Amino acid sequence: AVSSSTGSWHGLPYENLNLDAEWSAGAMKLRKLSFESLGGNLVANGNLATAEKSLPFDLTARISNLELKNFPKYNLFNLPYSVDGSLGVAVELHGKGESWTEMRQTLLGKARLELARGTVRNLNLAGQILSSVNGLPGVVNLASAGTAEKDQVLAKKDTVFDRLEAAFTIEGGKLGTRNLTWVTEDYTLTGEGWLDFDRTTR
């Protein structure tokens with residue numbers, strides 16, 4: 001077991017790190033990994049069968065209350081827009097493979113994402129969608145609003161939202177959802193689709 005009250009990893013600060021793992025000739029077992037960072041916490045556990053050539057593994061992880069406003073400070077992601085809010089993610093994965101090419105086709109699992117009380121700065125989501133789609137069947141109460149109200153919504157610089165949530169399935173090299181819901185201060189957007197791990201979407 002390993003523990004550390006404070007530290008950093010590639011410039012990312014953390015607190016209360018605890019690692020409990022077991023290595024043997026044929027397997028590696030992660031009993032528990034937990035730490036706090038960027039206002040939130042992560043807990044994970046899993047197994048890797050190193051004795052088998054296909055390297056089967058399983059992993060369960062949960063991230064809670066991660067503050068996205070801290071991401072740009074540490075250059076963790078090259079995001080086209082500035083996003084803040086409280087992020088929660090839960091993931092269960094099973095798969096095998098010696099390389100990502102092999103692994104992505106065997107991955108099976110599920111995930112859930114919740115982002116609460118946030119803002120996408122320098123992006124008007126409704127305007128972005130309306131500029132490319134004639135009609136918006138997934139948006140509730142905006143399409144039927146009066147002209148003045150529409151203009152007011154479309155004139156906003158940022159998109160302020162109450163929550164963004166979705167449940168995902170992972171199978172056949174794809175990440176898919178049938179229940180994405182984005183509740184903003186002016187309208188609700190729902191949708192479904194999938195993202196292929198080769199970066200194609202639908």
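## Terms and overview

A residue is called buried when its relative accessible area is under 20%, exposed when that area is over 50%, and partly exposed in between. Asp158 has a relative accessible area of 25%, so Asp158 is partly exposed. The model described here is predicted.

The chain has 3 helices and 11 strands. Along the sequence, the order is β-β-β-β-β-β-α-β-α-β-α-β-β-β. The chain holds 202 residues, and 30% of them are buried. Its accessible surface is about 12700 Å². Carbon and sulfur atoms supply 52% of that surface. Among contacts with a separation of 6 or more, 48% join residues 24 or more positions apart.

## The nonpolar core

In soluble globular proteins, nonpolar side chains tend to be buried together. Which residues have the most contacts inside the largest nonpolar core? They are Leu68, Leu87, Leu115, Val120, Leu125, Phe161 and Trp182. This core has 20 residues. Four elements each give two or more residues to the core: β6 (82–95), β7, α2 (125–130) and β9 (159–171).

Phe161 has a long list of contacts beyond its sequence neighbours within four places. Leu115, Arg117, Gly118, Thr119 and Val120 are among them. So are Trp182, Val183, Thr184 and Glu185. Asp84 is also in contact with Phe161.

## Thr119 in strand β7

Is Thr119 buried or exposed? Thr119 is buried, because its relative accessible area is 10%, and the cut-off is under 20%. Thr119 belongs to strand β7, which spans residues 108–121.

Residues up to four places away in sequence are left out of the next list. Thr119 touches Ser82, Val83 and Asp84. Thr119 also touches Asp158, Thr159, Val160 and Phe161.

## Aromatic pairs and a charge over a ring

How many aromatic pairs are there? The count is 2. One pair is Trp100 with Phe197. Their rings are 5.6 Å apart, centre to centre. The angle between the planes is 55°, and the pair is tilted. Trp100 lies in helix α1 (residues 100–106), while Phe197 lies in the segment after β11 (188–196), so the pair ties together parts 97 residues apart in sequence. Trp100 is partly exposed, at 43% relative accessible area. Phe197 is partly exposed too, at 23%.

Phe161 and Trp182 form an edge-to-face pair. Their centres are 5.6 Å apart, with 85° between the planes. Phe161 is in strand β9 and Trp182 is in strand β10 (residues 174–184), so this pair ties together parts 21 residues apart in sequence. Both Phe161 and Trp182 are buried. Elsewhere, a charge meets a ring: the charged end of Lys174 sits over the ring of Trp194, 4.1 Å from its centre.

## Salt bridges

Side chains of opposite charge can pair when their charged atoms come close. The whole structure has 10 salt bridges. One of them joins Arg31 and Glu22, with the closest N and O atoms 2.3 Å apart. Arg31 is partly exposed, at 41% relative accessible area. Glu22 is partly exposed, at 35%.

Where do Arg121 and Asp158 lie? Arg121 is in strand β7, and Asp158 is in the loop between α3 (147–154) and β9. They are 37 residues apart, and their pair links distant parts of the chain. The salt bridge between them has an N to O distance of 4.0 Å. Arg121 is partly exposed, at 36%.

Asp186 and Lys156 also meet in a salt bridge, at 2.9 Å from N to O. Asp186 is in the loop between β10 and β11, whereas Lys156 is in the loop between α3 and β9. The two are 30 residues apart, and the pair links distant parts of the chain. Asp186 is partly exposed, at 27%. Lys156 is partly exposed, at 26%. Other charged residues share partners: Arg112, Glu114, Arg163 and Glu165 are joined by salt bridges into one network.

## Glu52 in a loop

Glu52 lies in the loop between β4 (40–48) and β5 (57–67). Glu52 is partly exposed, with a relative accessible area of 43%. In sequence, Glu52 and Ala27 are 25 residues apart. In space, they are 8.8 Å apart, C-alpha to C-alpha.

Note on methods:
Residues are numbered from 1 along each chain as its sequence is written. This is a predicted model: local features need pLDDT of at least 70, side-chain atom pairs count only at pLDDT 80 or more; totals for chains, interfaces and linings use all residues. Side-chain values use heavy atoms; hydrogens and water are left out. Buried means under 20% relative accessible area, exposed over 50%, partly exposed in between (1.4 Å probe, protein chains only). Contact means heavy atoms within 4.5 Å. Accessible areas come from the Shrake-Rupley method with a 1.4 Å probe; for residues, only the protein chains shown count as cover. A nonpolar core is a set of buried Ala, Val, Leu, Ile, Met, Phe, Trp, Tyr and Cys residues joined through side-chain atoms within 4.5 Å. Rings of Phe, Tyr and Trp (its six-membered ring) pair if their centres lie within 6.5 Å; planes under 30 degrees apart count as stacked, over 60 as edge-to-face and the rest as tilted. A charge sits over a ring if NZ of Lys or CZ of Arg is within 6 Å of the ring centre and within 35 degrees of the ring normal. A salt bridge is a side-chain nitrogen of Lys or Arg within 4 Å of a carboxyl oxygen of Asp or Glu.
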